[in-house]
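Subject: Structure handover

Hello,

Here is the structure you asked about. Please open it first, then read my notes below.

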Amino acid sequence: MITTKIGVISCSGEECLGGTISRLAVRKMMEELKPGMVSTLCLPLFIAGDGGEREFAEKYPTIAVDGCSKCCAKRAIEKYSNRVAGSVDVAEIIGEAKALDKPLSTRNLADEHMEYVKQTADKTCQIFDKILAKQ
Amino acid sequence: MVTEEKCPNDTETLCLAHVVTGDDEVVAKIKGATCITMDGCAKYCAKKSVEETGGIVVKSHKVPDFMKAHRGEEHGTGTALTEDGWNYAVELAEIMVEDVKEIKAGVN
């Protein structure tokens with residue numbers, strides 16, 4: 001039984017495809033790849049400083065999944081809580097140009113985009129498993 | 001839906017995290033600009049953050065405010081919406097489209 005929590009904070013990126021990919025990748029982890037093992041936090045709420053979000057990331061290892069190289073999630077965690085336990089930048093996986101493409105409605109996602117989601121989720125899972133192995 | 005499909009020439013969406021972190025480019029766009037916010041919960045992160053950044057929030061909504069007429073519907077999850085979920089999203093988008101029309105009528 002897993003008793004230690006691991007957090008994952010996704011980009012809120014409404015502006016670009018990378019944001020959509022990052023959010024779906026975190027959902028994929030939560031629902032398919034690591035069900036019941038992942039705690040996710042709302043990035044705007046985390047940055048705004050409300051609730052126990054910052055406290056969570058201070059206490060527990062937290063992974064940032066960012067949609068573009070501005071890395072808001074990573075920077076926010078390190079500014080307000082603690083060093084990130086790991087970070088994933090979607091732009092490094094699918095390329096900066098694609099990551100900065102227009103955001104897509106989830107109704108319009110093609111197989112290509114779902115492959116990006118899978119790759120991002122897989123990379124985040126690798127980091128997750130390393131953290132878990134150390135505990 | 002609003003910025004890409006319904007009012008692409010009149011609206012633009014910005015990443016909320018960039019607003020909250022005070023990204024220079026985003027702050028410059030928002031300061032003094034007419035803004036509509038649609039928040040997902042009563043914490044009003046979008047509205048508060050836009051106001052703090054200097055945006056003029058002329059219309060502010062939150063998703064739960066319109067739920068009453070949809071009681072009992074299953075809207076899906078953060079990963080995938082159901083047909084009812086998409087219909088609700090369209091309804092919310094239409095509310096913002098009306099906002100855009102009102103704002104334009106007032107400005108012009």
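Helices here are DSSP runs of H or I with at least four residues, strands are DSSP runs of E with at least two, and both are numbered from the N terminus. Keep in mind that this is a predicted model.

Chain B

On that count, chain B has five helices and two strands. Along the sequence they come in the pattern α-α-α-β-α-β-α. The C-alpha atoms fill a box of roughly 40 × 35 × 20 Å along the principal axes. Chain B has 108 residues, and 34% of them count as buried. Take the contacts in chain B between residues at least 6 apart in sequence: 45% of these join residues at least 24 apart.

The two strands of chain B belong together. Strand 1 (residues 34–39) and strand 2 (residues 56–62) run parallel and are joined by six bridges. One of the pairs is Thr34(B) with Ile56(B) in strand 2. Helix 4 of chain B (residues 45–53) completes the picture: with strand 1 and strand 2 it makes a right-handed β-α-β unit.

Which side chains of strand 1 in chain B are buried? Cys35(B), Thr37(B) and Asp39(B) are, and they point to one face. Thr34(B), Ile36(B) and Met38(B) point to the other face and are not buried. This fits the general rule: in a regular strand, side chains alternate between the two faces of the sheet.

Look also at the loop between strand 1 and helix 4 of chain B, where Tyr44(B) sits. Tyr44(B) is not a glycine, yet its phi is positive, at about 55 degrees. Its relative accessibility is 24%, so Tyr44(B) counts as partly exposed.

Chain A: the sheet

Chain A holds an open sheet of four strands in the order 2-1-3-4, with parallel pairing. Strand 2 (38–41) and strand 4 (86–89) of chain A are the edges, each pairing on one side only. On average, neighbouring strands of this sheet are turned by 20 degrees against each other, direction ignored.

Strand 3 of chain A (residues 62–66) runs parallel to strand 4 of chain A, with four bridges between them. Asp66(A) has Asp89(A) in strand 4 as its bridge partner. Helix 4 of chain A (residues 72–80) packs on the sheet. This helix touches strand 1 (6–10), strand 3 and strand 4 of chain A, and its direction makes about 150 degrees with that of strand 3.

Cys71(A) lies in the loop between strand 3 and helix 4 of chain A. Its phi is near 45 degrees, a positive value in a residue other than glycine. Is Cys71(A) buried or exposed? Its relative accessible area is 18%, so Cys71(A) is buried.

Chain A: a helix pair

Helix 1 (residues 17–33) and helix 7 (residues 111–134) of chain A are worth a look. Their axes come within 8 Å and cross at roughly 60 degrees. The two helices of chain A, 1 and 7, are therefore oblique to each other. Helix 1 of chain A passes helix 7 of chain A in a right-handed crossing. Residues of helix 1 in this contact include Leu17(A), Ile21(A), Leu24(A) and Leu33(A). On the helix 7 side, Tyr116(A), Val117(A), Cys125(A) and Phe128(A) are among them.

Best regards

Definitions and conventions. Residues numbered from 1 in each chain as written. Chains lettered and ligands numbered in written order. Predicted model: local features only at pLDDT ≥ 70, side-chain atom pairs only at ≥ 80, totals over all residues. Heavy atoms only, no water. Buried < 20%, exposed > 50% of the residue type's maximum accessible area, 1.4 Å probe, protein only. Pairing = 2+ DSSP bridges. Right-handed = clockwise from strand over helix to strand, strands pointing away. Axes fitted to C-alpha atoms, helices over the stretch in contact; angles between N-to-C directions. Parallel < 35°, antiparallel > 145°, perpendicular 65-115°, else oblique. Left-handed = near helix turned anticlockwise from the far one by under 90°. Contact = heavy atoms within 4.5 Å.
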